[in-house]
Amino acid sequence: MTTDSSSTSRTDGISTFKGQERALRADRLGTGGLLLSVLAATAPLMVVAGVMPTTFAVIGIVGQPLLFVLLGVILVLFGIGYAEMSRHVHNAGAFYAYISRGLGGTAGASAALVALVAYNALQVGIYGIFGFEVSGLFATYAEVEVAWWIPALVAALAVGALGWLKIDVNAKVLGVLLVIEVALVVIFDIAAVADPGKEGLSLHAFNPDTLTGAGVGTALCFCIAAFLGFEQAPVYAEETSRPHVLVPRVMFLAVGGVAVFFAVSSWALTVATGPSAIVGESQKQSAGLLFNLTESRLGGTFTDVLHILFVTGMFAAMLSFHNVVARYAFAMGREGLLPAAFGRTTGSSGAPGTGSLLQTVVSVVIVIAFAVADDKPTGDPTVPVLHLFTWFGNIGALGVIVLMAAASFSVVVFFVRRGAVGAQAWRLVTSALAGIALLVIAGYTVKDFDVLVGAGPDSSLSWLLPGIIGLALLVGLAQGLFLRARSPEAHARIGLGNEAFQLDKAASS
């Protein structure tokens, strides 16, 4: 990558605490690269083919398209304050940096560990469904039986290798996969509208009456997981030239685009089957629903390509979450919440290499553990999909929902402490409303965790799995309290990132 003299001077200057080796390479992402990196984590085809039919089947609510609209509104409310905060905080540990600025360093330490666990869980979980789908492709097209954990481990190593490369290379990989993936889903949406089911172009799925019943809260838990990824934009703030402009822009483009895309696509599914039949068909066909609908409307070749893009889309999501985990580990290492080795960048790429290596090791160990525990025949989805993917995906979703709620309240406290209540009044209101809504969703997530992971109400999984997030929260709080008592200077630097170096520099001079 070539740089002009101005960008070189910016890069050569010490910009982060503990020196330039603790800096992520700036000026490497523009609006397009940042948007693609963020949107790749949403894995649109995985949501349309996997999450949407599962939600229809498990919850039995036809109004899923309306839920995406409502969640889009909630997340826009969240984004208003979150984006304004991003103008004041530029730190690769986005969530925990924001929470530290508003709620204090102890809360920030807790948020940091929750974020590290949650994003690791989201990333590792995808390896299960990825390995299962690749195994199915081998069985279908090559008539070769391959255990799911083999492609899962190969993917983990490939993602780890790409984690050492420059982020702009990763953005190109993610971008190509994402654009093709979205285009194919849009083609299906058009085909469904052009050739609707027996009930025609019904808008029944947008009828508020479809959202009555006890399952609405659980459906919100399923659907909000589809949005995860847009909140990652501030994680890359240090790697953009104008974070105060690009981060808010990308966040609102991502939330708005994802909400419209998912609302239209889930509506297209109800149109293709008919609103009265969507729940029954989803229960019967599960993740095969989309592919069966495209087979009848767009042919076998299109469906074959869609299967392949389903896999590449999951790979893009794994790569995106991997990058986020590595950057959280970098920020935590830089500020003493992880060993100092995590706070250094790697070689000429400027990537957070130690954090990348940590994430790869965690992924490999967990995949191997589930592979050893899998006593089912090849092609059985129980362990890779129903356990690894479902369990870890919901653990990660719960963690991110809790972080978003905490960040919303942190925005309020941050601006109140700065005496900016008058200037930021409407942003404080939207942040408070978003925080309350997100807490309600988090409560439903914990309450209905047995439904989310397919366990019985008396299963220990209903408290063990969400308990992982609770344990991370408590351990992080204990670490924050320990630092406050034993190392007040380190505690004071939590969440400060670049500013910590400037403060130390000013004090020394």
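So, the lining of the largest pocket: its residues split into 29 nonpolar, twelve polar and one charged. Here nonpolar means Ala, Val, Leu, Ile, Met, Phe, Trp, Tyr, Cys and Pro, charged means Asp, Glu, Lys and Arg, and the others, Gly among them, go down as polar. Bear in mind that this is a predicted model, where local features need pLDDT of at least 70 and side-chain atom pairs count only at pLDDT 80 or more, while totals for chains, interfaces and linings use all residues. Numbering runs from 1 along each chain as its sequence is written, and side-chain values use heavy atoms, with hydrogens and water left out.

Back to the pocket. Its volume is about 920 Å³, and 42 residues line it, with Gly 50, Thr 54, Phe 222, Phe 389 and Thr 390 nearest the centre. A pocket here, on a 1 Å grid over the protein atoms alone, is an open set of points where a 1.4 Å probe fits, with protein on both sides within 12 Å along at least five of seven lines; lining residues have an atom within 4 Å of a point. Grid points are joined across faces, edges and corners, and the volume is the space filled by probe spheres set on them.

Which helix gives the most to that lining? That's α14, with nine residues. Helices are DSSP runs of H or I, at least four residues, numbered from the N terminus. Others supplying at least two residues each include α3 (44-59), α6 (105-142) and α9 (216-225).

α11 (278-285) is on that list too. In α11, Ile 278, Val 279 and Ser 282 are buried, meaning under 20% relative accessible area with a 1.4 Å probe, protein chains only. Looking down the α11 axis, the buried residues sit within an arc of 100°, so they line one face of the helix; the arc is taken from the directions from the helix axis to the C-beta atoms. Right after α11 comes Ser 286, with a positive phi near 55°.

Now, cysteines. How many disulfides are there? Zero, a disulfide being two cysteine sulfur atoms within 2.5 Å. Cys 221 has its closest cysteine sulfur in Cys 223, 9.3 Å off, which is too far for a bond. Cys 221 is buried at 4% relative accessible area, and Cys 223 is buried at 0%.

Last stop: Val 364, in helix α13 (residues 353-373). Val 364 and Trp 149 are 215 residues apart in sequence, yet 9.8 Å apart in space, C-alpha to C-alpha. Leaving out residues up to four places away in sequence, Val 364 touches Leu 153, Ala 156 and Leu 157, with contact meaning heavy atoms within 4.5 Å.

Terms used:
Buried means under 20% relative accessible area, exposed over 50%, partly exposed in between (1.4 Å probe, protein chains only).
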